[in-house]
Amino acid sequence: MVTLKVPVTSRDHIRGSQDAVVTLVEYGDYECPYCGAAQPIVERVQQRFSPDLRLVFRHFPLTEVHPHAGPAAETAEFAGANGKFWSMHDALFANQRRLSVPLMMALASSLNLSTVALRDALATGRYAEKVQADFIGGVRSGVNGTPTFFINGARFDSPNGAFGLEEAIDRLLLATTR
Amino acid sequence: MTELLAKGAQAPDFTLHVTPDQTLSLSEFAGRRVVLAFYPADWSPVCGDQMSLYNHILPEFRRYGAELLGISVDGVWCHQAFARDRKLHFALLSDFEPKGAVARSYGAYREAEGVTERALFVIDEKGVIAWSYRSPIAVNPGADGILDALEGLPATENKNGDAQGSRNVA
């Protein structure tokens with residue numbers, strides 16, 4: 001079984017309760033269409049299993065094939081440093097088909113974030129190291145493409161992609177005596 | 001199913017085309033580490049396909065002094081188009097004629113389908129297999145096993161490990 005090598009810590013972006021029984025870690029890329037397609041499923045999973053589930057998102061940008069994935073991940077980190085990671089995360093996926101730096105500026109502006117500060121952060125690569133650390137951690141954990149999910153530390157492999165998540169989490173919760 | 005060559009075996013040498021007019025031999029890599037990644041075919045229909053993924057991990061492989069070689073039965077022109085499309089920065093070898101001969105010598109050929117297995121080999125500086133792994137054909141094995149194997153090798157003293165390789169054919 002392939003397992004998550006990098007434990008979830010306070011350095012992570014976590015959505016949901018600290019005491020959740022299930023931790024779902026997603027390694028994703030804002031420009032990957034498969035991640036975009038998984039997004040509504042991930043949202044549904046969160047709604048359905050709250051408060052038993054928390055979601056962690058880590059960056060796995062395939063920058064050679066997705067030229068905007070790097071800046072998008074850094075933009076999300078920039079928003080995160082200003083307490084708005086998840087709002088930016090949702091906005092980036094919602095606008096996946098037209099990702100560009102000007103669009104990221106507009107999204108920052110709509111979230112009342114400083115576009116000057118964002119431009120500066122992207123130009124200096126302030127969050128590039130954090131994004132790269134996510135990527136390498138993913139590689140060491142056996143992330144083999146995007147999106148890759150880990151449910152309580154075990155890699156979730158399914159021929160149906162994210163569609164199998166609900167069933168797998170159901171089974172896990174049934175097995176957990178609460 | 002034939003047995004994959006295992007740890008301790010000498011890696012069979014080969015000379016294969018990497019472009020229509022260039023060939024590459026394993027023996028050229030003597031003194032360096034090689035990651036040999038057999039995969040069934042170019043053009044897997046996902047963005048995180050195995051070769052694209054490895055393309056992003058190249059700096060990590062090179063940090064451990066290893067060069068990456070992809071290998072499948074696809075022809076050189078197919079490889080060239082695929083590498084260009086995915087912006088690959090490493091060589092793809094064409095085990096095309098006689099078809100699959102090199103894969104067979106590594107125990108990594110699927111006779112029924114006529115394609116190579118999804119099989120990974122880490123070859124050390126002396127040309128000895130340090131680690132091998134066969135993945136289920138439909139499962140992209142990722143790179144964690146390769147990196148664990150490279151990490152487990154004794155520290156390298158070679159000077160060329162981080163170089164682009166003697167030939168940048170990608």
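Here are some exercises with worked solutions on a predicted model.

**Exercise 1. Work out which elements chain B has and in what order they run.**

Start with the tally: chain B holds four helices and nine strands. Now walk along from the N terminus, and you get β-β-β-α-β-α-β-α-β-β-β-β-α.

Next, look at how the chain folds back on itself. Take the contacts in chain B between residues at least 6 apart in sequence: 69% of them join residues at least 24 apart. Finish with the surface. Of the 170 residues in chain B, 56% are buried, and the accessible surface comes to about 7400 Å², with 55% of that belonging to carbon and sulfur atoms.

**Exercise 2. Find what the buried residues of α4(B) pack against.**

First pick out the residues. Helix α4 of chain B covers residues 144-152, and its buried residues include B:D144, B:I146, B:L147 and B:L150. B:G145 and B:A149 are buried there too.

Then look at the neighbours. Within chain B, these residues pack against β3, α1, β4 (66-72), β8 and β9. From chain A, α6 (128-140) joins in.

**Exercise 3. Take three salt bridges and say, for each, which parts of the chain the pair links and whether the partners are buried or partly exposed.**

The whole structure has 21 salt bridges over all chains. Let's go through three.

Step one: A:R15 and A:D90 form a salt bridge, with the closest N and O atoms 2.7 Å apart. A:R15 sits in strand β1 (residues 13-15) and A:D90 in helix α3 (residues 85-94) of chain A, so this pair ties together parts 75 residues apart in sequence. A:R15 has 22% relative accessibility, so it counts as partly exposed; A:D90, at 27%, counts as partly exposed as well.

Step two: B:R86 pairs with B:D49 in a salt bridge, and here the closest N and O atoms are 2.3 Å apart. B:R86 belongs to helix α2 (residues 76-86) of chain B, while B:D49 is in the loop between β3 (33-38) and α1 (50-63), 37 residues apart. Both B:R86 and B:D49 are buried.

Step three: B:R134 forms a salt bridge with B:E117, with 2.9 Å between the closest N and O atoms. B:R134 lies in strand β9 (residues 129-135) and B:E117 in the loop between β7 (115-116) and β8 (118-123) of chain B, so parts 17 residues apart in sequence are tied together. The cut-off for buried is under 20% relative accessible area, so B:R134, at 21%, counts as partly exposed, whereas B:E117, at 2%, counts as buried.

**Exercise 4. Describe the interface of chain A and chain B, from its area down to a salt bridge.**

Begin with the area: the two chains bury about 1600 Å² between them, 59% of it on carbon and sulfur atoms. In chain A, the residues losing the most area to chain B are A:E64, A:R140 and A:N144, together 40% of what that side buries. The contact takes 23 residues from chain A and 21 residues from chain B.

Now the polar side. Across the interface there are two salt bridges and seven residue pairs in polar contact. A:R140 forms a salt bridge with B:E151, the closest N and O atoms being 3.2 Å apart.

Last, the elements. On the side of chain A that touches chain B, α1 (33-49) and α6 each give two or more residues, and α6(A) gives the most, with four residues.

How values were computed: Residues numbered from 1 in each chain as written. Chains lettered and ligands numbered in written order. Predicted model: local features only at pLDDT ≥ 70, side-chain atom pairs only at ≥ 80, totals over all residues. Heavy atoms only, no water. Buried < 20%, exposed > 50% of the residue type's maximum accessible area, 1.4 Å probe, protein only. Contact = heavy atoms within 4.5 Å. Areas by Shrake-Rupley, 256 points an atom, 1.4 Å probe, with all protein chains shown as cover. Salt bridge = Lys/Arg side-chain N within 4 Å of Asp/Glu carboxyl O. Buried area = accessible area lost by both parts, 1.4 Å probe. Polar contact = N/O pair within 3.5 Å; in protein donor to acceptor, adjacent residues only side chain to side chain.
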